[in-house]
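Q: Could we go through this model together? I would like to discuss its sheets, hairpins and pockets.

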Amino acid sequence: MPAKKKTTSAVVSSKLETPEAAASPEVAPVGSPPGLGEPGGDTEQISAESAMAATPPPPSVAVVVSHKEQKLTEWMIAHPAEVIRQRQEMLTTLAKRRCTYGRDGGTMPVTLTPLFLSQAALNRIKTVGETFDRIIDKVVNGYRDDPHVRAHFPYTEIPKEWIDWDPGYSKPTVLNRHDALFDGKNLKFIEFNTDNPGGRAWCDTLEEIFRSYPMYQDLIASYSKPGDRAMLKAGLDAMLHCYKDAGGTKDKPRIGIGSFKEYLPGSDMEITRDYLVEHGYDAHFVDPRDLEYRDGGLWSNRVRFDLVNLALRFLFFKRFPHEMKDFLDAIRDRAIVCLNPWRAIIGAQKEAMSFISNPVNHHYFTEEEVKCINDHLPWTRKLDETITMSPEGSDISLAEYMIKNRERLVLKPGWGAGGHDVKVGRTTDTAEWQAYVRDTMGCSWWVVQEAVHVPEYEMPVLKGGKVVLEKKYLNINPYIFDGKYAGCLGRVSASNVVNVSSGGGIIPIFPLKED
């Protein structure tokens, strides 16, 4: 806090925005063959992959830093003992509010200071995020209805028959998180997470607690108005809308939060459950392996559930096929309303980014959506697209292009999460990169993506009993529920592959008060 910008972010080969655009800063920084990987929904979390491109950084973008932010940073550096005292008290409060990280109830890795974004920046993130949500829904519905789209996904993480099950409601993805890089000017979405993303219940709790601590009160109060747990409410509204759309008739359906019992303690879904109970809903954690499908419903002993919110990545439901049979049969027969629907996994596969970014498929989208794609999505190709078009629009052999442009590219598995198996061309030895290209070329479940500069900031951290400034990489994670923007978290990391599961941290995001 206040964050000092080191480099600005720009997609390789794309034109820089005009000097006029650069003069209008929108960000005021203060201060992640298929394997299971992390459980996802409840503990993954938050996991987009990103990488620094190897081109010289473009001119710096000015950063709005207020006098109050400067003073807070100076105060923290001058009073480390008081910062430590308030920090430890805050972490204790976070733990009591069920804001912990990991299955062992670890300390929430939250930054010392929040990130402030102008209302104009948040409106931009909202508009672009909601547009991509519509684009993803078209791809998921296309997988169901259009042989050309379906052929783009020859290998899926879960059985195709599950994906084809009708959930009973119209929207093919519901509770989503679309992860992006934003430096105040350039906004690029690098991952779409429709695979039951976690972390969403942290946002409201972090806001409440940050507002309550003396060293933040004046600063936050001067910038933004208190919220009313907007993200938790948006998640509940999305669940109820789908329940009604599927023919549900109860005003307050009984809700199960579905995960393996060993993964639920310490997850952010504990906060979700408490919120549901507080608002009069009979809500429980349920392990799908323990449920019974009988008498036309899904039961836990003698308790019948109406709706289940999945808190695991879809891939985990392939495990324990005998124990899971009743649960899966009930979903197939629409005896329970399930969120997200199985078909949502198509949007989470990185192959979807390849389909969306390729101009040969742009006839599926509106003119507005195509502009959004061109402006905010990096060039992406599956490695079975051996003859394709380059980011500049020229015909290329993909293998040859990847060898010659190593420093401009990132190689990712289509099923990846938490930054696992991501190969950043710029930081990978030439011989090693060539070996990866040779071994993965032709695999439809691997993608190559244009590298994007990751914004890097200086922000205060505690180290050796002192408050010091340290450089961190940053990305932002807007949540889109039922097609509408619900809120945003950020992540920071010392690595340019930014994810919490590899030692990064969470940074709360607040709106900047307009003068």
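Q: How many bridges join β8 to β13, and do they run parallel or antiparallel?
A: In this predicted model, strand β8 (residues 255-258) is joined to strand β13 (residues 307-310) by four bridges, and the two run parallel. I255 has L307 as its bridge partner in β13.

Q: Which order do the strands of that open sheet have?
A: The order is β9-β8-β13-β14, an open sheet of four strands with parallel pairing.

Q: Why is one side of β9 and of β14 left without a neighbour in the sheet?
A: β9 (283-286) and β14 (337-339) stand at the edges and each has a single partner strand, so each has one side with no neighbour in the sheet. From one strand to the next, the twist averages 25°.

Q: Which strands does α9 touch where it packs on the sheet?
A: Helix α9 touches β13 and β14, and its direction makes about 145° with that of β14.

Q: α9 again: how many residues does it give to the lining of the second largest cavity?
A: Five residues come from α9, which gives the most to that lining. The second largest cavity has a volume of about 70 Å³. Its lining consists of R200, M231, L232, G235, L236, M239, T272, Y275, L276 and F481. The elements that supply two or more of these residues are α9 and α10 (269-278).

Q: And by class, how do the residues of that lining divide?
A: Seven residues of the cavity lining are nonpolar, two are polar and one is charged.

Q: Now the second largest pocket: what volume does it have?
A: Its volume is about 430 Å³. The lining has 22 residues, and E207, G487, C488, I509 and P511 lie nearest the centre of the pocket.

Q: Which elements each supply at least two residues of that pocket's lining?
A: They are α4 (119-145), α7 (202-212), α9 (230-245), β23 (484-493) and β24 (505-512). By class, the pocket lining has 13 nonpolar, four polar and five charged residues.

Q: Back to strands. Which residue in the turn between β10 and β11 has a positive phi?
A: D295 does, with a phi of about 50°, in a hairpin with two residues between β10 and β11. Strand β10 (residues 292-294) and strand β11 (residues 297-300) run antiparallel and are joined by three bridges. E292 stands opposite W299 in β11.

Q: What about the hairpin of β11 and β12?
A: It has two residues between the strands, and N301 takes a positive phi near 55°. β11 and strand β12 (residues 303-305) run antiparallel, with three bridges joining them. The bridge partner of S300 in β12 is V303.

Q: Next, the sheet containing β15: what is its strand order?
A: Four strands form an open sheet in the order β15-β20-β18-β19, with antiparallel pairing. β15 (380-382) and β19 (423-424) are the edge strands, each pairing on one side only. Three bridges link β15 to strand β20 (residues 446-450), and T380 stands opposite Q449 in β20.

Q: Which strands does α16 lie across?
A: Helix α16 (residues 430-440) lies across β18 (409-413), β19 and β20, and runs at about 45° to β18.

Q: Lastly, how many salt bridges does the count come to?
A: The count comes to 43 salt bridges. One of them joins K71 and E74, whose closest N and O atoms are 4.0 Å apart. Both residues lie in helix α2 (residues 67-78), three residues apart, about one turn of the helix.

Terms used:
Residues numbered from 1 in each chain as written. Predicted model: local features only at pLDDT ≥ 70, side-chain atom pairs only at ≥ 80, totals over all residues. Heavy atoms only, no water. 1 Å grid on protein atoms, 1.4 Å probe; cavity = no way out; pocket = protein on both sides within 12 Å on 5 of 7 lines; lining within 4 Å. Points joined across faces, edges and corners; volume = space filled by probe spheres on them. Nonpolar A, V, L, I, M, F, W, Y, C, P; charged D, E, K, R; others polar. Pairing = 2+ DSSP bridges. Axes fitted to C-alpha atoms, helices over the stretch in contact; angles between N-to-C directions. Contact = heavy atoms within 4.5 Å. Salt bridge = Lys/Arg side-chain N within 4 Å of Asp/Glu carboxyl O.
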